[in-house]
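Here's a quick walk through one model, written for someone who likes to know what sits where. Have the viewer open while you read.

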Amino acid sequence: MNCCCGDTQTINLIFACSGAANTRYPADTISRLIMKREMSSMTCLAAMGAELSGFIESAKASEKNIVIDGCPVACGKKIFIRHDIPFEHFMMTDFGVQKGVTPITEAVITDTAAEIQSRLCAIL
Ligand code: SF4
C-alpha cells in the first residue's frame, strides 16, 4: 500500500477512535498506517472531546480532517459536528468489522486500510 497523494505540504489531520471495543484497534492502526504514508498527520481525538482549544484550532486550520470511528456510536463524528468542523468520515463497521464479534486479524487491517486509502486518494 503506497501513498498516492504525493503532496506532503498539505496539512491533513487524522483522528482515530480509541475506545475499548474491538473496532477501535483497526481504526487506530489504520490511522497510523495512513500517517506513515504521509497522507496525514495524526492527532488526538480525545483532546477534541475534552474541548482543548489548541487541538480544536488545529482541526479548524487543517486542509482536511479525517475521522475514523470504530462503530456507529460515532464518537469522533459527533465531536466534529459539535464543533461544526468539516471532516471525512470512516467507520470500521462499514467495512464489515462487527463490534464485539469480528476477530481483528492482519488481513482485516490490511484489507480495510487498502480500501480507506483508495477512498482517501480520491478526496485528498
Ligand atoms: S466510536 Fe464506538 S468504539 Fe469508538 S470510542 Fe465511540 S463507542 Fe467506542
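What follows covers the sheet, a strand and a helix within the fold, and the ligand's surroundings.

## The sheet

Keep in mind that this is a predicted model. Its four strands form an open sheet, ordered S2-S1-S3-S4 and paired in parallel. Strand S2 (41-43) and S4 sit at the edges, each pairing on one side only. On average, and ignoring direction, neighbouring strands of this sheet are turned by 25 degrees against each other.

As a reminder, strands of a sheet pair through backbone hydrogen bonds, and the pairing can be parallel or antiparallel.

## Strand S3 and its partners

How buried is strand S3 (residues 64-69)? Five of its six residues are buried, so the rest of the structure largely encloses the strand.

On one side, S3 runs parallel to strand S1 (residues 12-16), and five bridges join the two. If you want a spot to zoom in on, Ala16 stands opposite Ile68 in S3. S3 is also joined to strand S4 (residues 88-91), again running parallel, by four bridges. There, Asp69 stands opposite Met91 in S4.

## Over the top: helix H4

How does the chain get from S3 to S4? It crosses through helix H4 (residues 75-82), making a β-α-β crossover that is right-handed.

Which residues of H4 are buried? They are Gly76, Ile79 and Phe80. Looking down the axis of H4, these buried residues fall within an arc of 95 degrees, so they line one face of the helix. Ile81 and Arg82, on the other side of H4, are exposed.

## Around the ligand

Now for the part you'd probably click on anyway. Part of the shell around the ligand is made up of Cys17, Gly19, Ala21, Thr23 and Arg24. The surrounding residues also include Asp69, Gly70, Cys71, Val73, Ala74 and Cys75. By type, the shell divides into six nonpolar residues, three polar ones and two charged ones.

Two of these names tie back to the earlier sections. Asp69, part of the ligand's surroundings, is the residue that stands opposite Met91 in S4. Cys75 also surrounds the ligand, and helix H4 covers residues 75-82.

How values were computed
Residues numbered from 1 in each chain as written. Predicted model: local features only at pLDDT ≥ 70, side-chain atom pairs only at ≥ 80, totals over all residues. Near = placed C-beta within 6 Å. Nonpolar A, V, L, I, M, F, W, Y, C, P; charged D, E, K, R; others polar. Buried ≥ 20, exposed ≤ 12 C-beta atoms within 10 Å, placed from the backbone. Pairing = 2+ DSSP bridges. Right-handed = clockwise from strand over helix to strand, strands pointing away. Axes fitted to C-alpha atoms, helices over the stretch in contact; angles between N-to-C directions. Arc of directions from axis to C-beta.
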